[in-house]
Amino acid sequence: MRKRNIILLLLVLGIIYFVYSQLFEQPKLMEGNYITLKESFSLHSGDVWEVKFAPNDTLMVSGGVDQNTKIWNRFTGEILHDLPHETGSPAVDFNPNGRLVATGAYDGKVRLWDVNSGELLKVLSGNESTIWSVNFSPKGNLIAAGGDDDKVTIWNVHTGEIKFEFKEASHNIWEVVFNPSGNYLAASGSDNAIRIYDVKTGTLIKTILGHSMVPLSLDFSPNGELLASAGDDKTIKIWDTINWVLLHTLQGENEAIHSVVFIGNNKVLAGGTDKKMLGELLEYHFGFTGYTIPIAATLWDINNETILQTITEHTDDIGLGIDISSDGKFIATPSKDKTVKIWKMN
């Protein structure tokens, strides 16, 4: 009887500790002044998945659960165009001259829009399910997309014709991104692999394995020498782009990383969710927001593998697409808290 009571006591204590560690234990916060919050915009009525700066850094485009993707003024928050989508658009991008916006929608379509007029110019077909990522090539002549139908599609922007279809992935594509020269395209999938394609020849040149769970986000450094990948395994991995070897693995307090972006060539900002398994379950079913100060994003020094600053101002998860302005002075973060926040680099 006594042994049974001890077992029950240990079981209860174990459950209490588990709940405490999942819901009440405060992750370590790192204060810093590398990044300061400049403005917060509440333009959306639902989760914001991605935001992008225009090349001139004056306009923004943001999309998510809302049926209307928004092109807006970064300084005033004035909405210039509501781009209508019946099912929302979690993926957005400006072309290099800022005259076109691409949106990837839940209906599997990629649409090209005129920035000045808000007019729909082309609908690019070829995918059949949710588009999670769209990316213009550096020259603007190509656009790539990937999503839930397990393939990467590249179109000629001018003709709307499909140039390449890559079907090596066995599950969803989460991110597609051209390198700065435009010679390569990196794509990440739910099979935990990152694939590098030669865009000139349309061939797969490298499959990178190293993440134990899905790499949701990719970004090349401005000089093209590094590739950052991050995702559900809570890590950010930095790869050399000459021979694609792993250089650094960074792991902080985020329970899953949804987006990573280079700040210069030696820092990355990575954002995602701070909620652990129980917190995520309660949020999904009951709208639970948490009892601790959330770490929405973390700024890293890559070479020293150290955290420089943690970002806590969002009240919910970071979306799939953080962006940095072309002059490198500002950062935009989208969030499930329905806001886009603009940060200044100090």
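## Salt bridges

A salt bridge is counted here when a side-chain nitrogen of Lys or Arg lies within 4 Å of a carboxyl oxygen of Asp or Glu. By this rule the structure has 8 salt bridges. The structure is a predicted model, in which local features need pLDDT of at least 70 and side-chain atom pairs count only at pLDDT 80 or more, while totals for chains, interfaces and linings use all residues. Residues are numbered from 1 along each chain as its sequence is written, and side-chain values use heavy atoms, with hydrogens and water left out.

One salt bridge joins the side chains of Lys 151 and Glu 165, at 3.0 Å from N to O. This pair links distant parts of the chain, 14 residues apart: Lys 151 is in the loop between β11 (142-147) and β12 (152-156), and Glu 165 is in strand β13 (residues 162-166). Strands, marked β, are DSSP runs of E with at least two residues, numbered from the N terminus. Another salt bridge is formed by Asp 191 and Arg 195, whose closest N and O atoms are 2.9 Å apart. Glu 50 and Lys 52 also meet through their side chains, at 3.7 Å from N to O.

## Burial of the charged partners

A residue is buried at under 20% relative accessible area, exposed at over 50%, and partly exposed in between, using a 1.4 Å probe and protein chains only. Glu 50 is buried at 6% relative accessibility, and Lys 52 is buried at 10%. Is Lys 151 buried or exposed? Lys 151 has 11% relative accessibility and counts as buried. Its partner Glu 165, at 35%, counts as partly exposed. Arg 195 is buried, with 11% relative accessibility. Salt bridges that share partners join Glu 50, Lys 52 and Asp 93 into one network.

## Two open sheets

Strands of a sheet pair through backbone hydrogen bonds, either parallel or antiparallel. Two strands are taken as paired if DSSP finds at least two bridges between them. One open sheet has 4 strands in the order β2-β3-β4-β5, with antiparallel pairing. β2 and β5 (79-84) stand at its edges with a single partner strand each, so one side of each has no neighbour in the sheet. The twist averages 20° from one strand to the next. Strand β4 (residues 68-73) pairs with β5 over 5 bridges, and Ile 71 stands opposite His 81 in β5.

Another open sheet of 4 strands runs in the order β18-β19-β20-β21, again with antiparallel pairing. Its edges are β18 and β21 (246-251), each with a single partner strand, so one side of each is left without a neighbour in the sheet. Strands β19 (residues 226-231) and β20 (residues 235-240) are antiparallel and joined by 5 bridges. Ser 229 stands opposite Lys 237 in β20.

## The largest pocket

The largest pocket has a volume of about 970 Å³. Of its 43 lining residues, the closest to its centre are Asp 93, Asn 135, Asp 219, Asp 323 and Ile 324. On a 1 Å grid over the protein atoms alone, a pocket is an open set of points where a 1.4 Å probe fits, with protein on both sides within 12 Å along at least five of seven lines; lining residues have an atom within 4 Å of a point. The volume is the space filled by probe spheres set on the points.

Which strand gives the most to the lining of the largest pocket? β22 does, with 5 residues.

Key:
Axes are lines fitted to C-alpha atoms, for helices over the stretch in contact, and angles run from 0 to 180 degrees between N-to-C directions.
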